[in-house]
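Colleague: I keep hearing labels for parts of a structure, and I'd like to know what earns them. Could we go through some together?

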Number of protein chains: 2
Amino acid sequence: MSLAPWRSLITRALHKNRSLVYSRYVQLATVRENGLPANRTVVFRGFLEDTNQLKFITDIRSAKAEQIPQQPAAEICWYFPNSREQFRISGKLILITANSHPHLQPARIKMWQELSDAARLQFAWPTPGKERVRTPEAFTPSAPNPLEPLETFCLLLLEPTEVDYLELRGEPQNRTIYKLDENQEWDFEEINP
Amino acid sequence: MSLAPWRSLITRALHKNRSLVYSRYVQLATVRENGLPANRTVVFRGFLEDTNQLKFITDIRSAKAEQIPQQPAAEICWYFPNSREQFRISGKLILITANSHPHLQPARIKMWQELSDAARLQFAWPTPGKERVRTPEAFTPSAPNPLEPLETFCLLLLEPTEVDYLELRGEPQNRTIYKLDENQEWDFEEINP
């Protein structure tokens, strides 16, 4: 696999915006079972080695983990405030649970090991989205094993098929669409902003 | 109409994040005609007077303006970096074109008049998303009349029916869902983050 041509643009944008911790936050849109859109912030956690797949994490008990097997299509919107660039990346989500994708378990385990203690703890919290548990101890469980992921922990991959890149700082603005063609090569076209 | 209970939370978040011009940027998710999700950054332009409807603007020639009449459902994701708050607001979009919603034309015209010259100019640019026009003059048209909106200019309203509010700074975090009930009253429930 060769690096997609838009990868260097993301690397550059991450560098230009490195002073902002939230430049790694992206908004992930999916479609619910009832056909309505859903949209939430997730943290970009790098690319899966030797692929163009973006890594995220999620809890198996979250609404999005339920939605993905029904409808894996997604579009992330990634806005970089310092450099005023926007990437809209659409493609297919792949949910790596404790019991799926044996060949990707090493990647799931590595991701778990790279998390902060605080991030790991959330996977031992009460079920997200259910009526609030009032006992404070529920949110201060003992620290999970840092080597062995909890069953609730999922690696979430986005396999891109199209990238719509907008530079608001261009003159006047620049916009380029990258599309994966039938030979799995990336084509691109400059379009009006 | 009374102000929805989540309105004061947005007012407070806008105030706490007022140093960041991009705290008014939100990500708008919709569903395309083919059932796939779309997601892009739009600028929040206040609430429509005497309503809980959020105001945005768009070009009639944009992909989203085409999508909305087919599928008006939307969810915006609004992340406030300074205060670490997220609002997910879902509801129905209403597209006010030059030839629709006579009673909302005054609001459309007022919005146009409030725009900067640079923002107005974009509505006279070549068609967004089409092959890039190479003549630089195409992007430097003469300034449109600041009083009378161009035909391409649309006001876009989001009528919310549900708001999912997450405070990442809570202890551990706080999350509340606000829902419009059948009597058009706002209920709310605290849920696990």
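Modeller: Sure, here is a chat about how two chains meet and how some residues get their labels; keep in mind that this is a predicted model.

Colleague: What makes A:Arg32 and B:Glu75 a salt bridge?

Modeller: The rule asks for a side-chain nitrogen of Lys or Arg within 4 Å of a carboxyl oxygen of Asp or Glu. Here the closest N and O atoms are 2.4 Å apart, so the pair meets the cut-off of 4 Å. The count between chain A and chain B is four salt bridges.

Colleague: And how many residue pairs are in polar contact between chain A and chain B?

Modeller: There are 27, counting pairs with both residues at pLDDT 80 or more. On the chain A side, the elements giving two or more residues include strand E1 (25-31), strand E2 (37-43) and strand E5 (85-96). That side's residues split into 23 nonpolar, 13 polar and 13 charged.

Colleague: How much area do chain A and chain B bury between them?

Modeller: About 3900 Å², with 51% of it on carbon and sulfur atoms. In chain A, the residues that lose the most area to chain B are A:Asn39, A:Arg132 and A:Asn192, together 19% of what that side buries. As for contacts, 49 residues of chain A touch 49 residues of chain B.

Colleague: How do you know how the two copies are related?

Modeller: In general, two copies of a chain are related by a rotation about an axis and a shift along it. Here, a turn of 180 degrees with a shift of 0.0 Å along the axis lays chain A on chain B, and the RMSD is 0.0 Å. The copies are therefore related as by a two-fold rotation axis. The same surface serves both, since 100% of the contact residues of chain A recur in chain B. A:Ala29 is the residue of chain A that comes closest to the axis, at 3.0 Å (C-alpha).

Colleague: Why is A:Gln184 called exposed?

Modeller: Exposed means over 50% relative accessible area, and A:Gln184 has 56%, so it counts as exposed. This residue sits in the loop between E7 and E8 of chain A, and has a positive phi of about 60 degrees although it isn't a glycine.

Colleague: Then why is B:His101 called partly exposed?

Modeller: Buried needs under 20% and exposed needs over 50%; B:His101 has 28%, so it is partly exposed. B:His101 is in the loop between strand E5 (85-96) and helix H3 (105-114) of chain B. Its phi is positive too, about 45 degrees, and it is not a glycine.

Definitions and conventions:
Residues numbered from 1 in each chain as written. Chains lettered and ligands numbered in written order. Predicted model: local features only at pLDDT ≥ 70, side-chain atom pairs only at ≥ 80, totals over all residues. Heavy atoms only, no water. Contact = heavy atoms within 4.5 Å. Buried area = accessible area lost by both parts, 1.4 Å probe. Polar contact = N/O pair within 3.5 Å; in protein donor to acceptor, adjacent residues only side chain to side chain. Helix = DSSP H or I, 4+ residues; strand = E, 2+ residues; numbered from the N terminus. Nonpolar A, V, L, I, M, F, W, Y, C, P; charged D, E, K, R; others polar. Least-squares fit on C-alpha atoms with pLDDT ≥ 70 in both. Buried < 20%, exposed > 50% of the residue type's maximum accessible area, 1.4 Å probe, protein only.
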